[in-house]
Amino acid sequence: MSSALHNMNPSAKFIVVTVCMLTMAFFFNPWTPLLMWVGVLLIQLLFSRINWKLWMLFMIPFFIMAFGYFWTTLVFAGDKSGPVVLSIWSVNITEVQLNHALSLSFRVLAFSSLSLLFALTTNPVSFILSLMQQMKLSPKIAYSILVGYQFLPVLKDEFVQIQQAHRLRGAMQEKNAIHRLLHMRKILLPMLAGAVRKAERAAFAMEARGFTGEKRNSFYKVIRVGKVDGVIASIFMVLLVLSCTSVLYIK
């Protein structure tokens, strides 16, 4: 079960994560996103084998964003009603301000954790194939996304090669940030021309192999919905219900 999230049907996982995010958007108390965030972390610990160092690296900007929301909401909140619960540097913080600040901060952490859970436990190719098989996504759109995804490493290599070619020809690296941005067009234009040529060749190759974009009933790699999907989805739904009803039993 340590890799249950990785083996879960990508479309089912996408639907579960989307439902959790949309539902939390209607709750403005701090307990709902806090319990969801803690629950998502526990689910990842029990049912995934993600790289936690990579997870922490991706979460750093969201921690900074959450702290920014917390501090600015405390200082610049419009609604300052309610009893004063804290005073920092002669700034009185009311209960309403604190609840709003905590709610926004935990909401950022909950949404980002759900997004990272999906991103770090889902194979992009399997996700597209699942959208085709379970969600009936058009093959034209699906294969276009797959081709674009396969081109990303190639574009990165081309960017490095063009930069090195410019340096070999004596092009000096600009120190001014504005001049450096203006210089980027000399790199991006050849990359754009190369991308157009690659896209045209890919289109010809797919057409030569009989790709018409019509929906098909058989696939080389079949993505199925199994018992694991039902179990994990049920766990998420229980977590969502507990989080949303937390205001009833937490005072």
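The protein chain exposes an accessible surface of about 16,000 Å², and 68% of that area belongs to carbon and sulfur atoms. Please keep in mind that this is a predicted model. Of the 251 residues in the protein chain, 33% are buried.

**Overall build**

The secondary structure of the protein chain consists of eleven helices and two strands. Read from the N terminus, the elements follow the order α-α-α-α-β-β-α-α-α-α-α-α-α. If you count the contacts in the protein chain with a separation of 6 or more, 80% of them join residues 24 or more positions apart.

**Helix α2 and its partners**

Let us turn to helix α2, residues 10-24. Two packed helices are described by the angle between their axes and the distance between the axes. Which residues of α2 meet α5? They are Pro10, Lys13, Phe14, Val17, Cys20, Met21 and Met24. On the side of α5, the residues they meet are Arg107, Ala110, Phe111, Leu114, Ser115, Leu117, Phe118 and Thr121. Helix α5 covers residues 95-121, and its axis comes within 11 Å of that of α2, with a crossing angle of roughly 175 degrees. Because angles over 145 degrees count as roughly antiparallel, α2 and α5 are described as roughly antiparallel to each other.

Helix α2 also packs against α6, at an angle of about 90 degrees and with the axes 8 Å apart. Angles of 65 to 115 degrees count as roughly perpendicular, so that is the term for α2 and α6. Pro10, Ser11 and Phe14 of α2 make this contact with Ser126, Phe127, Ser130 and Leu131 of α6. Phe14 of α2 thus appears in the contact with α5 and in the contact with α6.

**A nonpolar patch on the surface**

Phe14 turns up again at the surface: together with Ile15, Val19, Met135 and Met237, Phe14 makes a nonpolar patch of about 400 Å². Which helix gives the largest share of the nonpolar patch? Helix α2 does, with three residues. Another member of the patch, Met135, is placed in the loop between α6 (124-133) and α7 (139-168).

**The loop between α6 and α7**

This loop also holds lysine 136 and serine 138. How exposed each residue is can be read from the table.

| Residue | Relative accessibility | Class |
|---|---|---|
| Methionine 135 | 44% | partly exposed |
| Lysine 136 | 55% | exposed |
| Serine 138 | 25% | partly exposed |

The cut-offs explain the classes: exposed means over 50% relative accessible area and buried means under 20%, with partly exposed in between. Lysine 136 is therefore exposed at 55%, while methionine 135 is partly exposed at 44%.

Lysine 136 has a backbone detail worth a look. Most residues other than glycine have a negative phi. In lysine 136, phi is near 60 degrees, a positive value in a residue other than glycine.

Serine 138 brings in a distant part of the sequence. How far apart in space are serine 138 and lysine 215? Their C-alpha atoms are 6.8 Å apart, although 77 residues separate them in sequence.

**Phenylalanine 67 in α4**

Finally, a stop at helix α4, residues 52-76, where phenylalanine 67 is found. Is phenylalanine 67 buried or exposed? Phenylalanine 67 is exposed, because its relative accessible area of 57% is over the 50% cut-off. The C-alpha atom of phenylalanine 67 is separated by 9.6 Å from that of phenylalanine 106, a residue 39 residues apart along the chain.

Conventions. Residues numbered from 1 in each chain as written. Predicted model: local features only at pLDDT ≥ 70, side-chain atom pairs only at ≥ 80, totals over all residues. Heavy atoms only, no water. Patch = residues over 30% accessible without salt bridge, like charges linked within 9 Å, V, L, I, M, F, W, Y side chains within 5 Å. Areas by Shrake-Rupley, 256 points an atom, 1.4 Å probe, with all protein chains shown as cover. Salt bridge = Lys/Arg side-chain N within 4 Å of Asp/Glu carboxyl O. Helix = DSSP H or I, 4+ residues; strand = E, 2+ residues; numbered from the N terminus. Buried < 20%, exposed > 50% of the residue type's maximum accessible area, 1.4 Å probe, protein only. Axes fitted to C-alpha atoms, helices over the stretch in contact; angles between N-to-C directions. Parallel < 35°, antiparallel > 145°, perpendicular 65-115°, else oblique. Contact = heavy atoms within 4.5 Å.
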